[in-house]
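Q: Please take a close look at the sheet in this predicted model. How are its strands paired, what packs on it, and which residues make up the nonpolar cores?

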Amino acid sequence: MKLSLALSMLDAALAEARRIEVNVCVSIVDAAAWPMAFARMDGAPLGVVDVSQKKARTAALFQMDSADFAAKGHPNGEAYTLENTNGGLTSFGGGLVIKATDGSFLGAIGVSGAKTEDDIAIARVAMKQAVNN
């Protein structure tokens with residue numbers, strides 16, 4: 001992933017969070033789950049810094065959205081406690097896989113600080129930047 005894409009996605013996510021009047025953290029990682037861009041909005045709780053990073057890492061390391069990862073890691077899932085691997089992951093929504101228009105895997109975005117459905121919606125708005133670049 002290019003830094004310019006990560007930064008444009010970050011800007012789009014922050015703009016959407018401001019539009020719906022929530023304060024979040026946004027983490028964007030490359031295909032190897034290394035940080036590319038991050039922001040903590042004023043007023044976002046400190047605890048969601050780590051959560052946004054883990055949502056992005058989870059999506060990148062398993063190349064699946066963190067909400068889909070949750071289906072595998074819950075008590076009746078095929079891989080219960082999987083979130084305890086890889087230095088700690090997270091098994092709820094807000095981490096989305098970033099793919100290029102040709103389907104190649106670029107990385108992931110993690111949003112945390114609002115309701116889970118708002119975190120996912122903010123990340124989806126940012127994903128439109130990946131499709132348009």
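A: Strand 1, which covers residues 25-30, and strand 4, which covers residues 105-112, pair with each other in the antiparallel sense, and six bridges join them. One of these contacts can be followed by residue, since Cys25 has Ser112 in strand 4 as its bridge partner. In this predicted model, the two strands belong to an open sheet of four strands, which runs in the order 2-1-4-3 with antiparallel pairing. Strand 2 (35-40) and strand 3 (95-99) form the edges, each of them pairing on one side only, and neighbouring strands are turned against each other by 15 degrees on average, with direction ignored.

Two helices pack on this sheet. Helix 1 (residues 3-19) touches strand 1, strand 2, strand 3 and strand 4, and its direction makes about 20 degrees with that of strand 2. Helix 2 (residues 47-62) likewise touches strand 1, strand 2, strand 3 and strand 4, while its direction makes about 150 degrees with that of strand 4.

The side chains add a further level to this picture. The largest nonpolar core comprises 24 residues, and Met9, Val24, Val26, Ile28, Ile98 and Ile109 are those with the most contacts inside it. Two or more residues of this core come from each of helix 1, strand 1, strand 2, strand 3, strand 4 and helix 4 (116-132), with helix 1 giving the most, namely seven residues. Apart from this core lies another, of eight residues, which include Val29, Ala33, Ala59 and Val97.

Definitions and conventions: Residues numbered from 1 in each chain as written. Predicted model: local features only at pLDDT ≥ 70, side-chain atom pairs only at ≥ 80, totals over all residues. Heavy atoms only, no water. Pairing = 2+ DSSP bridges. Axes fitted to C-alpha atoms, helices over the stretch in contact; angles between N-to-C directions. Contact = heavy atoms within 4.5 Å. Core = buried A, V, L, I, M, F, W, Y, C linked by side-chain atoms within 4.5 Å. Buried < 20%, exposed > 50% of the residue type's maximum accessible area, 1.4 Å probe, protein only.
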